[in-house]
Amino acid sequence: MIIYKEESYEKMSERAAEIIASQLMMNEYSILGLATGSTPVGTYKKLIEMNKAGKISFKNVKTVNLDEYHGLGPDHPCSYRFFMNDNLFNHVDIDKKNTNVPDGLASDGEAECKRYDEVIKSLGRADIQILGIGENGHIAFNEPSDHFSVGTHIENLTQSTMDANKRFFEDGEKVPNSAFTMGIGGIMNAKCIILLANGEKKAKAVKDSITGKVTPQVPASVLQLHPNVIVIGDKDAMKFL
Ligand code: PGA
């Protein structure tokens with residue numbers, strides 16, 4: 001595990017973007033695993049800048065996202081498909097046909113999980129998987145549990161996750177209480193994982209994940225078993241390390 005403690009959110013984002021850009025320079029056909037949430041927004045901004053400056057191209061890149069709210073479609077401003085279009089895909093030279101997010105509106109949830117696992121399988125191992133971390137140690141929407149789940153599944157969100165994500169929704173609008181999420185197995189299949197964390201609220205989850213025991217009660221602790229993890233955090237998130 002490589003750990004970078006950066007001075008600021010800006011520096012964290014720069015570091016992550018440089019690593020991802022280097023991957024794209026080495027292989028224009030890279031497979032990227034992408035995450036949503038406020039944490040990676042700065043990284044995406046830097047990648048957009050580099051793309052506009054002609055330093056990197058997404059023309060042949062394929063992407064696979066971690067998760068999507070159950071019940072939200074691509075036009076809903078809080079859906080993760082909308083987020084990805086808005087924060088990255090609409091601003092770079094990627095072919096949207098090469099981007100994948102679970103279908104939040106799928107009427108047959110189980111079939112959608114199967115379909116998404118097939119997508120993940122057909123793409124092959126992601127060269128880099130980007131991850132944020134929840135205050136409760138979740139990765140993607142894999143919440144604390146008594147087991148690590150392998151495949152894509154529908155997860156019931158914990159109250160703490162719904163509370164944390166309330167800020168993205170309009171006043172009075174309910175945060176969906178379940179989501180499609182890639183399983184821990186899908187995440188761990190990536191060749192390299194970049195875990196991003198910023199802000200003091202994440203400090204305990206980061207410490208428990210990196211220095212605590214490996215347990216499904218702290219889903220991100222499973223990353224200790226992965227041979228190629230890069231943790232990049234700002235100094236607030238990394239204050240206990
Ligand atoms: P955040 O979410 O980036 O909005 O803090 C991260 C997560 O819950 O995985």
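**Figure 1. Lining of the largest pocket in the predicted model.** In this predicted model, the largest pocket is lined by 37 residues, and those that lie nearest its centre are Gly37, Ser38, Asn165, Arg167 and Phe168. Strand 4 (67-69), helix 3 (80-87) and helix 5 (159-165) are the elements that each give two or more residues to this lining. Of the contributions to the lining, the largest share comes from helix 3, which provides 5 residues. Sorted by class, the lining of the largest pocket is made up of 15 nonpolar, 15 polar and 7 charged residues, and the space that lies in the largest pocket comes to about 710 Å³.

**Figure 2. The ligand and the residues around it.** The space taken by the ligand is the largest pocket, the one whose lining is described in the legend above. Around the ligand stand Gly37, Ser38 and Thr39, together with Gly132, Ile133, Gly134 and His138, and also Arg167, Phe168 and Lys202. By class, this shell around the ligand holds 2 nonpolar, 6 polar and 2 charged residues. Gly37, Ser38, Arg167 and Phe168, which are among the residues around the ligand, are also listed among those nearest the centre of the largest pocket.

**Figure 3. Polar side-chain atoms beside oxygen atoms of the ligand.** In threonine 39, a polar side-chain atom lies 2.4 Å from an oxygen atom of the ligand, while in lysine 202 an N or O atom of the side chain is 2.6 Å from an oxygen atom of the ligand. For arginine 167, the distance between a polar side-chain atom and an oxygen atom of the ligand is 2.9 Å. The ligand taken alone exposes 280 Å², and the protein buries 86% of that area.

**Figure 4. The second largest pocket.** This pocket has a volume of about 190 Å³, and its lining includes Gln159, Met162 and Asp163, followed along the chain by Lys166, Phe169, Glu170, Asp171, Gly172, Glu173, Lys174, Val175 and Asn177. Grouped by class, the lining of the second largest pocket has 3 nonpolar, 3 polar and 6 charged residues. Gln159, Met162 and Asp163, which help to line this second largest pocket, fall within the span of helix 5 (159-165), an element that also gives residues to the lining of the largest pocket.

**Figure 5. The cavity.** The structure holds 1 cavity of 30 Å³ or more, and about 80 Å³ of space lies in this largest cavity. The residues that line the largest cavity are Ile31, Val64, Ile120, Leu123, Gly124, Arg125, Ala126, Gln129, Met182, Gly186, Asn189 and Ala190. By class, the lining of the largest cavity comprises 7 nonpolar, 4 polar and 1 charged residues.

Notes: Residues numbered from 1 in each chain as written. Predicted model: local features only at pLDDT ≥ 70, side-chain atom pairs only at ≥ 80, totals over all residues. Heavy atoms only, no water. Near = heavy atom within 4 Å. Polar contact = N/O pair within 3.5 Å; in protein donor to acceptor, adjacent residues only side chain to side chain. Areas by Shrake-Rupley, 256 points an atom, 1.4 Å probe, with all protein chains shown as cover. 1 Å grid on protein atoms, 1.4 Å probe; cavity = no way out; pocket = protein on both sides within 12 Å on 5 of 7 lines; lining within 4 Å. Sits in = over half its atoms within 2 Å of the grid points. Nonpolar A, V, L, I, M, F, W, Y, C, P; charged D, E, K, R; others polar. Points joined across faces, edges and corners; volume = space filled by probe spheres on them. Helix = DSSP H or I, 4+ residues; strand = E, 2+ residues; numbered from the N terminus.
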